[in-house]
Amino acid sequence: MKLTIDPKPFADTVAWAARAIPNRPNIPVLSGLLIAAHDDQLDVSAFDYDISVRGTIPADVAEPGLTLLPGRVLAEVAKALPDRAMLNLAVTGTEAVLTCGRAEFALPTLPVEDYPTLPELPDTIGSIDAEQFSAAVAQVATAAGRDDTLPMLTGVRVDADGDRLTLAATDRYRIAVRDITWTPSGAPFGQLIRARQLQDIAKGLSHGDAQIGIGDGLASFTNAGRSTTVRLLDDQFIDYRARTSMDTAITATVDATALAAAIKRVALVADRKAPAIHLAWDREQVLVRAGDATTGRGTDTVECKLNGDPIEIAFQAQYLLDALGAIDGPATIGMTGPARPAQFRSEDGTYKCLVMSLRVS
């Protein structure tokens, strides 16, 4: 293999692909990045049996070939290369030599014949604005559980119906739901993807559209010359639509950012083991309080508009901050009683988060 390539896109692609390398690979070759040079392009791939990634960048290929290089070392080397000269990569025998200006690195190759075959991309079933999708994933993924013994609760449910794509997640104490528009090219579907994996994929998306594929137990996301496949979880999930479609006798409208800032302030004196935030809603303001005589007490007030009877209700601090942090602008909070869940909604209704309340003492 012998080629010349711009070091900046090479370093960016290698760094992106290296994120998929497992921390403690069961098989040594999984610590490598698969480098394939052909047809004036370079493919950089990684695979850990759950996730595969493949990035493609232009290259001047003098001799096509395939090699496997230590992934994290290659990423560090690529990051350190000067960008004022082109990068020359040549592989001979068991060594790869990278030359860029006066800098030269020689890296040992790994046995490429032992590397597993990357999965094929499933058929594309639609496309979506990548930035909008990434923002939606961030809004709901915080509500997913962390206990791997309950796989359903660790996932984000993705449902497609017509031009609406719905993302949902729950950890039993809250349910977050986000609706976004997309352009379908296949049949409706409903699948479950592990939240932390979907978050990593979404963060790696660039500008423009992302193509989504589903098939053979895999989901794929392709954007800006980069493709990722991820293994799907069992598609069993709760009926989140029924649980988040609730009638509320009491509704409050408040600036989400202002309320979140007040919660962060008073939470400084909340019990660290059980940080409860009490919200006392009145006609024109909400009193935010936390703490007790042991830990200290803090209060703050935020303007609001309340429809219904005044109410005091308490929540776990982080659940409140996650729900409010997903809302830009006014938040509508629907309540039925101090011991019942409350629903947090964005002004346009595309985001909902049902949060369990705590017992008020």
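Buried means under 20% relative accessible area, exposed over 50%, and partly exposed in between (1.4 Å probe, protein chains only). This is a predicted model: local features need pLDDT of at least 70, side-chain atom pairs count only at pLDDT 80 or more, and totals for chains, interfaces and linings use all residues. Residues are numbered from 1 along each chain as its sequence is written, and side-chain values use heavy atoms, with hydrogens and water left out.

**View A. Helix 1 spans residues 7-18.** Helices are DSSP runs (H or I, at least four residues) and strands likewise (E, at least two), numbered from the N terminus. The buried residues here are Pro7, Phe10, Ala11, Thr13, Val14, Trp16, Ala17 and Ala18. At the helix start, a side-chain oxygen of Asp6 comes within 3.0 Å of the backbone nitrogen of Lys8. The end C-alpha atoms are 16 Å apart, which agrees with the 16 Å expected for 12 residues at 1.5 Å a residue (1.5 Å times one less than the number of residues).

**View B. Nine strands form an open sheet.** The order is 6-2-3-4-18-17-16-10-14, with antiparallel pairing; two strands pair if DSSP finds at least two bridges between them. Strand 6 (65-70) and strand 14 (183-184) are the edges, each pairing on one side only. Strand 2 (residues 32-38) joins strand 3 (residues 41-47) over 5 bridges. Ile35 stands opposite Val44 in strand 3.

**View C. Helix 3 (residues 130-141) packs on the sheet.** Helix 3 touches strand 10 (124-129), strand 16 (209-215) and strand 17 (218-223); contact means heavy atoms within 4.5 Å. Its direction makes about 90° with that of strand 10. Axes are lines fitted to C-alpha atoms, for helices over the stretch in contact, and angles run from 0 to 180 degrees between N-to-C directions.

Conventions:
A polar contact is a pair of N or O atoms within 3.5 Å; within protein, one must be able to donate a hydrogen and the other to accept it, and residues adjacent in sequence count only if both atoms are side-chain atoms.
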